[in-house]
Amino acid sequence: MLITKRVEFSASHVCRNPALSDRENEALFGMAANPHGHGHNYVVDVTLAGEPDPVTGMVMDLKRVKEVVNREVLERYDHRFLNHEVPPFDQIVPTPENIAVDIWRRLQPHLTSLHAVRVYETDDLFVDYFGEPA
Amino acid sequence: MIQVTRKYRFAASHRLHSPQLSESENLELYGKCHNPFGHGHNYELEVSVRGPVDARSGRAVDPDRLDRLVAEHVVTPFDQHDLNTEVEAFARTVPTTENLGREVYARLAGAWQTAFPGEWPVLEKIRIAETPRNFFEVSGTDGQE
């Protein structure tokens with residue numbers, strides 16, 4: 001069975017690879033490379049896989065999931081400029097792909113039944129990350 | 001490996017009528033969807049692609065290139081058009097959203113290699129909402145189950 005907790009955060013970012021020139025960044029990312037940055041209301045779906053406990057009837061208490069996501073992700077991401085304030089995005093471009101992978105890495109040690117991380121950058125663009133096969 | 005999904009919209013009209021059925025059978029099966037003048041929907045299309053994250057761009061797919069592909073092969077030919085009379089595939093098949101989903105998948109799969117000549121990304125699946133309450137999903141394994 002899959003269960004999902006949805007959370008939101010707001011953050012600014014710029015799609016810019018520091019290893020590339022201004023011209024190369026603009027060619028690659030267009031307006032999203034504007035060095036002053038821009039922001040999104042991100043929506044994150046954290047999905048866990050498991051069987052309901054016979055006593056509690058729950059796969060995992062979603063209140064606990066929310067606490068972990070708050071502590072490990074939202075307190076670090078929310079209302080921040082990702083490139084300047086949230087490593088590793090000083091080194092890698094904070095695309096939704098890389099954000100999903102980073103959220104997975106932050107959560108997985110605390111949520112061992114983690115099944116998927118979905119990140120909506122807008123209503124019309126989202127990514128799913130299921131981890132890497134062992 | 002990452003799955004990236006983009007959402008697109010098109011508004012089109014259609015009429016459900018099967019030439020293999022009698023008039024009364026059509027009416028019985030399709031009800032008001034069989035109205036001879038047709039009707040329309042605001043279709044929402046999700047296109048999901050899968051691939052590794054490119055280290056240089058941080059992306060699994062160039063969204064502009066995907067947008068151009070979907071615009072050329074699906075949104076432009078379908079948006080503000082009548083599926084039965086203006087889309088060749090529906091001269092032969094009923095434009096149910098099942099058949100529309102197969103047509104959209106076939107169009108994208110057929111143009112995929114030209115738009116994305118490398119190994120990645122691959123077309124994973126498409127999903128069409130005919131209304132906010134009816135969804136139809138087609139992947140590469142369609143027809144093999």
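This passage walks through a predicted model of two chains, A and B, starting with each chain and ending where they meet.

Let's begin with how far the model can be trusted by its own scores. The model as a whole gets an ipTM of 0.88 and a pTM of 0.92. For chain B, the average pLDDT is 95, and 99% of the residues score at least 70.

Chain A has 134 residues, and 31% of them are buried. Its secondary structure adds up to four helices and five strands. Going along the sequence, these elements come in the order β-α-β-α-β-α-α-β-β. Laid along its principal axes, the C-alpha trace of chain A spans about 60 × 30 × 25 Å. How much of the contact in chain A links residues that sit 24 or more positions apart? Such pairs make up 65% of the contacts with a separation of 6 or more.

Some of the strands of chain A line up in pairs. Strand β2(A), residues 38-49, runs antiparallel to strand β4(A), residues 114-122, and six bridges join the two. One place to spot this pairing is Leu48(A), whose bridge partner in β4(A) is Leu114(A). On to the next pair: β4(A) is also antiparallel to β5(A), this time with five bridges. The link between β4(A) and β5(A) is a hairpin of two residues. Across this pair, Val117(A) stands opposite Tyr129(A), which belongs to β5(A). A handy thing to keep in mind when looking at strands is that, in a regular one, the side chains alternate between the two faces of the sheet.

Val117(A) turns up again when we look at what packs around Ile103(A). Leaving out residues up to four places away in sequence, Ile103(A) touches Val44(A), Val73(A), Val117(A) and Val119(A). Ile103(A) is also among the residues with the most contacts inside the largest nonpolar core, which has 49 residues. Others on that list are Ala100(A) and Val119(A), along with Leu45(B), Val47(B), Val104(B) and Ile126(B), so the list takes in residues of both chains. There is a second, separate core too, with six residues, including Val14(A), Cys15(A), Phe29(A) and Ala33(A).

Now for chain B. This chain has four helices and five strands, and from the N terminus on they run β-α-β-α-β-α-α-β-β. Of its 145 residues, 26% are buried. The C-alpha atoms fill a box of roughly 60 × 35 × 30 Å along the principal axes. In chain B, residues 24 or more positions apart account for 70% of the contacts with a separation of 6 or more.

Helix α4(B), residues 97-115, is a good one to look at closely, and Leu100(B) is part of it. Does its length add up? The helix has 19 residues, and at 1.5 Å a residue it should span 27 Å; the C-alpha atoms at its ends are 25 Å apart, which agrees. Which residues of α4(B) are buried? They are Leu100(B), Gly101(B), Glu103(B), Val104(B), Tyr105(B), Arg107(B) and Leu108(B). The cover over these buried residues includes strands β2 (39-51), β4 (122-131) and β5 (134-139) of chain B, as well as helices α2 (63-78) and α3 (83-86) of chain B.

Why does Leu100(B) count as buried? The cut-off is 20 or more other C-beta atoms within 10 Å, and Leu100(B) is buried because it has 28. Setting aside neighbours within four places in sequence, Leu100(B) is in contact with Leu83(B), Pro95(B) and Ile128(B). Asp54(B), on the other hand, is 46 residues away from Leu100(B) along the chain, and their C-alpha atoms are separated by 32 Å.

That leaves the place where the two chains meet. Here 13 residues of chain B are in contact with 16 residues of chain A. On the chain B side, strand β1(B), residues 2-14, gives the most, with six residues. Sorted by class, that side of chain B has five nonpolar, four polar and four charged residues. Strand β1(B) also pairs across the chains: with β5(A), residues 125-129, it forms five bridges in the antiparallel sense. One of the matched positions is Asp128(A), whose bridge partner in β1(B) is Gln3(B).

Conventions
Residues numbered from 1 in each chain as written. Chains lettered and ligands numbered in written order. Predicted model: local features only at pLDDT ≥ 70, side-chain atom pairs only at ≥ 80, totals over all residues. Contact = placed C-beta atoms within 7 Å. Nonpolar A, V, L, I, M, F, W, Y, C, P; charged D, E, K, R; others polar. Pairing = 2+ DSSP bridges. Core = buried A, V, L, I, M, F, W, Y, C linked by C-beta atoms within 7 Å. Buried ≥ 20, exposed ≤ 12 C-beta atoms within 10 Å, placed from the backbone. pLDDT = per-residue confidence, 0-100. Expected span 1.5 Å × (residues − 1).
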